[in-house]
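This report looks at how charged and polar side chains pair up in a protein chain. Please keep the structure in view while reading.

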Amino acid sequence: MNFWDYLGTRHQQLLTDAFQHASAVFQCMVVATVIGVVIGVFTYRSEWAGSLATTTTSTILTIPSLAMIGLLIPIVGLGVAPTVIALTLYGLLPIVRNSIVGLRGVDPSLVDAAKGIGMSRTARLFRVELPLAWPPILTGIRVSTQMLMGIAAIAAYASGPGLGNEIFRGIGSLGSKNALNQVLAGTLGIVVLALLFDAAYVLIGRLTIPRGIRA
């Protein structure tokens with residue numbers, strides 16, 4: 001059976017796996033973005049705190065994904081839970097780092113001007129600093145998403161959702177007539193999803209970042 005025939009006979013399962021893969025990455029990115037930006041907001045004013053946040057999230061990223069999921073299985077079991085925890089932790093570094101860099105890069109004179117017209121610290125953060133820091137934050141989100149697309153394939157090791165199941169089935173049946181088709185279908189599916197997500201981020205950037213800031 002050639003690759004195209006395989007896709008024709010397995011398209012429903014592949015679409016289901018692709019949806020689960022995209023859904024897992026999207027949900028974990030939402031959680032990682034919220035946590036990462038909050039960490040950035042609380043640490044960017046302090047050099048020591050910012051370095052600690054960046055170093056901690058960098059250390060998490062050095063843990064091999066298979067080892068991370070293996071360590072989580074005895075604690076939270078198989079399935080979705082270890083996948084969500086691992087992906088969320090892995091997605092933090094680019095978002096935390098870019099949040100800190102973006103917030104520190106805001107022109108102090110703009111913050112002083114906002115303070116001069118009576119804005120509270122919270123108002124300055126949400127109406128001045130975060131909007132100006134949004135471009136690097138969005139870049140961090142894009143980088144994290146691309147990383148998680150690939151890492152999410154390892155979730156199949158813990159009976160997690162996604163296209164990794166297709167890849168693992170192919171690897172587990174090497175030598176069979178469809179082994180290569182399974183690995184290829186799962187891999188190409190992840191690549192296509194990564195491209196679609198990146199295109200969506202480009203569109204979000206065009207809609208949310210003023211042209212002057214983009215320039």
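With which residue does aspartate 17 form a salt bridge? In this predicted model, aspartate 17 pairs with arginine 169, and the closest N and O atoms of the two are 3.6 Å apart.

## Two helices joined by charge

The bridge between aspartate 17 and arginine 169 links distant parts of the chain, since aspartate 17 belongs to helix H1 while arginine 169 belongs to helix H8, 152 residues apart. The two partners differ in their surroundings: aspartate 17 counts as buried, because its relative accessibility is 3% and buried means under 20%, whereas arginine 169, with a relative accessible area of 34%, is partly exposed.

A further salt bridge brings together the side chains of arginine 10 and glutamate 166, at a distance of 3.5 Å from N to O. Arginine 10 is part of helix H1 (residues 3-43) and glutamate 166 is part of helix H8 (residues 164-172), so this pair ties together parts that are 156 residues apart in sequence. Here glutamate 166 is buried, with a relative accessible area of 0%, and arginine 10 is partly exposed at 28% relative accessibility. Taken together, Arg10, Asp17, Glu166 and Arg169 are linked in a network of salt bridges.

## A bridge between helices H7 and H9

The structure holds six salt bridges, and one of them is formed by aspartate 198 and arginine 142, whose closest N and O atoms are 2.9 Å apart. Because aspartate 198 lies in helix H9 (residues 179-208) and arginine 142 in helix H7 (residues 121-151), the pair ties together parts that are 56 residues apart in sequence. In this bridge aspartate 198 counts as partly exposed, at 22% relative accessibility, and arginine 142 also counts as partly exposed, at 29%.

In general, side chains of opposite charge can pair when their charged atoms come close.

## A buried threonine

Helix H7 also contains threonine 145. Is threonine 145 buried or exposed? With a relative accessibility of 0%, threonine 145 counts as buried.

The side chain of threonine 145 makes a polar contact, at 2.8 Å, with the side chain of tyrosine 201. If its neighbours within four places in sequence are left aside, threonine 145 is in contact with Val25, Met29, Phe197 and Tyr201, so that Tyr201 appears both in this list of contacts and as the partner in the polar contact.

Methods:
Residues numbered from 1 in each chain as written. Predicted model: local features only at pLDDT ≥ 70, side-chain atom pairs only at ≥ 80, totals over all residues. Heavy atoms only, no water. Salt bridge = Lys/Arg side-chain N within 4 Å of Asp/Glu carboxyl O. Helix = DSSP H or I, 4+ residues; strand = E, 2+ residues; numbered from the N terminus. Buried < 20%, exposed > 50% of the residue type's maximum accessible area, 1.4 Å probe, protein only. Polar contact = N/O pair within 3.5 Å; in protein donor to acceptor, adjacent residues only side chain to side chain. Contact = heavy atoms within 4.5 Å.
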